[in-house]
Amino acid sequence: DVAQKRADLILELQAQIMDDFCNAQIGKTLEVLCEDFDEDYQMYVGRSYADSPDIDGLVFFDGDGGEGSIVQVLINAADDDGNLIGTEA
């Protein structure tokens, strides 16, 4: 019971840290490696320098994209899953 409470506390703290980080990115232009086009979001998806594959959130963006290209993305929102959302600058 104590271990579960401690784990829940850590998850809560980490969620707040991620929310703060994502919100701090809003308004910035990030260099993003475009990896694919996401059919659900109807946007390109990629990673910035701060995003580790399968660990951190992703960057979803409107623009020309293209798998393997590096694009400048103006971040204008963040979702509850730790993903950033923007537009190719």
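Among the elements of the protein chain, confidence runs from a mean pLDDT of 94, the lowest, in helix H1 (residues 2-25) up to 97, the highest, in strand S4 (residues 70-78). Those scores belong to a predicted model, and the protein chain as a whole averages a pLDDT of 93, with 100% of the residues scoring at least 70. Here is a friendly tour of the fold, the strand pairing and one loop residue worth a look.

**Overall fold**

- The protein chain holds one helix and five strands.
- Walking along the sequence, you meet them in the pattern α-β-β-β-β-β.
- Taken along the principal axes, the box filled by the C-alpha atoms is roughly 50 × 25 × 20 Å.
- Residues 24 or more positions apart make up 46% of the contacts in the protein chain that have a separation of 6 or more.

**Surface and charge**

- The protein chain has 89 residues, and 27% of them count as buried.
- Its accessible surface is about 5900 Å², with 51% belonging to carbon and sulfur atoms.
- On the charge side, there are 4 positive and 21 negative side chains in the protein chain.
- The centres of the positive and negative sets lie 16 Å apart.

**Strand pairing around S3**

- Strand S3 (residues 59-62) pairs with strand S2 (residues 43-47) in the antiparallel sense, over three bridges.
- One residue pair to look for here is Gly46 with its bridge partner in S3, Val59.
- S3 also pairs with strand S5 (residues 84-88), this time in the parallel sense and over four bridges.
- Val59 turns up again in this second pairing, where Val59 stands opposite Leu84 in S5.
- To trace Val59 in the viewer, then, start from Gly46 as its bridge partner and go on to Leu84 in S5.
- As a reminder when viewing such elements, side chains in a regular strand alternate between the two faces of the sheet.

**A closer look at Ser48**

- Ser48 sits in the loop between S2 and S3.
- Is Ser48 buried or exposed? Ser48 counts as buried, because its relative accessibility is 8% and the cut-off for buried is under 20%.
- Which residues does Ser48 touch, leaving aside those up to four places away in sequence? The contacts are with Leu30, Glu31 and Val59.
- Val59 thus links two of our topics: Val59 is touched by Ser48, and Val59 is the bridge partner of Gly46.

Definitions and conventions:
Residues numbered from 1 in each chain as written. Predicted model: local features only at pLDDT ≥ 70, side-chain atom pairs only at ≥ 80, totals over all residues. Heavy atoms only, no water. Helix = DSSP H or I, 4+ residues; strand = E, 2+ residues; numbered from the N terminus. Buried < 20%, exposed > 50% of the residue type's maximum accessible area, 1.4 Å probe, protein only. Contact = heavy atoms within 4.5 Å. Areas by Shrake-Rupley, 256 points an atom, 1.4 Å probe, with all protein chains shown as cover. Lys, Arg positive; Asp, Glu negative; His and termini not counted. Charge placed at Lys NZ, Arg CZ, Asp CG, Glu CD. pLDDT = per-residue confidence, 0-100. Pairing = 2+ DSSP bridges.
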